[in-house]
Structure formats: structure tokens, C-alpha cells
Amino acid sequence: MSSTAAVILALAVGTYAFRLVGPVLHGRVEIPARVQELASAGAVVLLVALLATGSLTEGGDFAGWARPAGVLAAGVLAWRRAPFVVVVLGAAVVTGVLRAVGAG
């Protein structure tokens with residue numbers, strides 16, 4: 001077996017184990033409220049970091065002002081509870097207009 005196949009197999013087994021742990025331990029292990037709060041906060045921090053790196057950089061450099069403005073527009077529309085299609089189209093329109101006028 002090649003090393004690549006071994007790594008893929010190990011990741012598959014680990015992923016399956018993580019998915020299996022939830023149903024198996026449900027009701028048997030009590031997670032403290034503080035740990036649940038920290039896990040929720042950690043998830044939000046990771047999503048914000050992913051959003052920031054994805055919207056602000058491209059190839060290690062600054063992506064320009066159009067992309068962050070589109071992400072900001074999408075965030076505002078989502079916060080205002082606009083339908084998903086409106087959020088996506090609003091972000092695309094803002095980004096496209098800014099790129100068309102050279103703010104790119």
C-alpha cells in the first residue's frame with residue numbers, strides 16, 4: 001500500500017470515528033455549559049477567520065476593494081434576513097459594479 005493510500009485510509013477511519021462518537025456517547029457524557037459556550041465561540045471565530053482570509057486575499061496579496069465590499073453587502077443583506085438568492089445577487093452586483101468602475 002502506498003503512503004498516499006495509507007494517509008487517505010487513516011483520514012477516512014478518523015472521520016468515521018468522529019461521526020460515530022456523537023450518537024454512541026449521546027446521553028452518556030454531559031458536557032459542561034462553559035465548554036459548550038467556548039466551542040460555539042470557537043466555531044464563530046474560525047468562520048470569521050475563514051471569511052476574512054477568503055474575502056481579503058488572493059494568492060497571498062490583497063484582493064482589492066471589490067471583493068470585501070461584496071462580502072460586506074452580502075453580510076448586510078443576510079443580517080436583514082433577505083432571501084438567499086437576493087444575498088448572492090446583491091454581493092455579485094456590488095462586486096461587479098466596483099470592478100467595472102475600476103475599484104477592483
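**S55 and its side chain.** I started at S55 and looked for a polar partner of its side chain. In this predicted model, a polar atom of the S55 side chain lies 2.8 Å from the backbone oxygen of L51. I then placed S55 in the fold: this residue belongs to helix α2, which covers residues 33-56.

**Buried or exposed?** I checked whether S55 is buried or exposed. Its relative accessibility is 7%, so S55 counts as buried, the cut-off being under 20%. Next I listed what S55 touches beyond four places in sequence. I found A63, R67, P68 and V71.

**Helix α3.** I moved on to α3, residues 66-79. This helix has 14 residues. From first C-alpha to last, α3 reaches 20 Å, close to the 20 Å expected at 1.5 Å a residue. Which residues of α3 are buried? I noted A66, P68, G70, A73 and A74. I also asked what these buried residues pack against. They pack against α2 and against α4, residues 84-100. A general point went in the margin: an α-helix has 3.6 residues a turn, so residues three or four places apart point the same way.

**After α3.** I looked at what follows the helix. R81 comes after α3, and its phi is positive, near 65 degrees.

**T95 in α4.** My last stop was T95, found in helix α4. T95 counts as buried because its relative accessibility is 14%. Leaving out neighbours within four places in sequence, I found T95 in contact with A66, R67 and G70. I marked R67 in both lists: S55 touches R67, and T95 is in contact with R67.

How values were computed:
Residues numbered from 1 in each chain as written. Predicted model: local features only at pLDDT ≥ 70, side-chain atom pairs only at ≥ 80, totals over all residues. Heavy atoms only, no water. Helix = DSSP H or I, 4+ residues; strand = E, 2+ residues; numbered from the N terminus. Buried < 20%, exposed > 50% of the residue type's maximum accessible area, 1.4 Å probe, protein only. Polar contact = N/O pair within 3.5 Å; in protein donor to acceptor, adjacent residues only side chain to side chain. Contact = heavy atoms within 4.5 Å. Expected span 1.5 Å × (residues − 1).
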